[in-house]
Amino acid sequence: MKRSSSVIRAAVLAAAAAVLAVGCTPTADGPGAGPGTSAGTGTGTAPTPADRVTAPAPSTTTPPAPAPSTGTPSHKPAKPPKPSEPATPSATPTADGKPPAPTATPTPRPTPTVKILMAEGAENARVRELQARLRQTGVFDRAPTGFYGSITTAAVRSYQRKHGLSVTGSVDQKTWDKLVTATHRPTAAELRPPTTNVLDKPDPRCMTGRVLCISKESRTLAWMIDGKVVSAMDVRFGSENTPTREGIFKVEWKARDWTSTIYHSPMPYSMFFSGGQAVHYSADFAARGYNGASHGCVNVRDRSKLASVFDQVKVGDKVVVHW
């Protein structure tokens, strides 16, 4: 009995081994074989996914060509492409289907311009009043001339700075209103005072005799007789290249109407005291003030005063030019 059982067990094991060998041997699928069928048969049970070997499906997409080599291979990952700009959202149409009107951009308001009443270069009666009022406040130490030059500009700046105004050197409405409120209307004597610049102490050489005493320090000419000032007026002098000579001279000759033989400019009421240098009226000085200079002469801008002194001065009278 034991021998029969052993023989039967051996036969069963051999049969099982044969079945397993047929199910695990891969064979090519024949025509008509499809997924889910056993290899070599038209029927049967499909193997489990763990036991089934699936070949990859052939690709229908042409693989990209490799990038050309640039030499040394790079080990850095390629940069991702930049995202495209988001599309501008379209405006929501209105109820009637029309696109909404664009929003209007507010227009900036222009800065208001300041109206200038008087500025450098002007010459008129109002400038003379301005100078007289500035002189009342102590920022202008000369007699009014009616010409708005650099000295007047500096005085206006000083006044504006002291009173918290915009320091421009020009007179706008605010500056003028402030000045008019702080001063009184100039009198005739304040508008046209007998002297212009303040005279300094006369040079000792001017204290005797008849003298045209000319000071470069105060820029004045004083016609003096025996130490007494008879008349005084503003003067200007030559530039650094053509300076007015200093010292004691005398009036060598006079000419009521004269024209420069060198510069061809008129020199009314000339009183020559040192070669070609003379005391004379200057229309340029009257117009531009101290913005200009002479070629060495002593320029006077008050024609009427100089005309009166011209009639009094005699040839031979002393001339002193000093600091």
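Me: Two strands count as paired if DSSP finds at least two bridges between them. In this predicted model, how many bridges join β7 to β8?

Reply: Happy to start there. β7 and strand β8 (residues 270-274) run antiparallel, and Trp253 has Phe272 in β8 as its bridge partner. The cut-off for pairing is at least two bridges, and the number joining β7 to β8 is three.

Me: Which strands form the edges of the open sheet?

Reply: Nine strands make up this open sheet, with mixed pairing, in the order β6-β11-β3-β4-β5-β10-β9-β8-β7. From one strand to the next, the twist averages 25 degrees. An edge strand here pairs on one side only, and the two that do are β6 (247-250) and β7 (253-255).

Me: Which helix packs on that sheet, touching β3, β4, β5, β7, β8, β9 and β10?

Reply: You can look for a helix whose direction makes about 130 degrees with that of β5. Leu306 belongs to the stretch 303-312 that forms this helix, and Leu306 is among the residues of the largest nonpolar core that touch the most other members. The largest share of that core, four residues, also comes from this helix, α7.

Me: How many residues are in the largest nonpolar core?

Reply: Nonpolar side chains in soluble globular proteins tend to be buried together. Here β3, β4, β5, β8, β9, β10, α7 and β11 (318-322) each supply at least two residues of the core. Val319, one of the members with the most core neighbours, touches residues including Leu212, Ile214, Ile248 and Phe273. The core's total is 23 residues.

Me: Is Pro268 buried or exposed?

Reply: Pro268 sits in the loop between β7 and β8. Leaving aside neighbours within four places in sequence, Pro268 is in contact with Arg256, Trp258, His280, Tyr281, Arg303 and Leu306. Its relative accessible area is 12%, and the cut-off is under 20%, so Pro268 is buried.

Me: How far apart in space are Pro268 and Ser282, C-alpha to C-alpha?

Reply: Along the chain, 14 residues separate Pro268 and Ser282. Pro268 also contacts Tyr281. The C-alpha to C-alpha distance between Pro268 and Ser282 is 7.7 Å.

Me: Why is β9 described as largely enclosed by the rest of the structure?

Reply: Let's take the two faces in turn. On one side, Gln277, Val279 and Tyr281 are buried, and on the other, Ala278 and His280 are buried too. β9 is largely enclosed because its buried residues number five of the five.

Me: Which residue in the turn of the β8 and β9 hairpin has a positive phi?

Reply: β8 and β9 run antiparallel and are joined by three bridges, with Ser274 partnered by Gln277 in β9. Two residues lie between the strands of this hairpin. The turn residue with a positive phi, about 60 degrees, is Gly275.

Me: What is the handedness of the β-α-β unit made by β9, helix α6 and β10?

Reply: β9 and β10 pair in the parallel sense over three bridges, and Tyr281 stands opposite Val300 in β10. Helix α6 (residues 283-288) joins β9 and β10 in the unit, which is right-handed.

Me: How wide is the arc that holds the buried residues of α4, seen down its axis?

Reply: The buried residues of α4 (residues 173-182) are Thr175, Trp176 and Leu179, and they pack against β1, α2, α3 and β2. On the other side of α4, Lys174 and Thr181 are exposed. The buried residues line one face of the helix, because they fall within an arc of 95 degrees.

Note on methods:
Residues numbered from 1 in each chain as written. Predicted model: local features only at pLDDT ≥ 70, side-chain atom pairs only at ≥ 80, totals over all residues. Heavy atoms only, no water. Axes fitted to C-alpha atoms, helices over the stretch in contact; angles between N-to-C directions. Contact = heavy atoms within 4.5 Å. Buried < 20%, exposed > 50% of the residue type's maximum accessible area, 1.4 Å probe, protein only. Core = buried A, V, L, I, M, F, W, Y, C linked by side-chain atoms within 4.5 Å. Arc of directions from axis to C-beta. Right-handed = clockwise from strand over helix to strand, strands pointing away.
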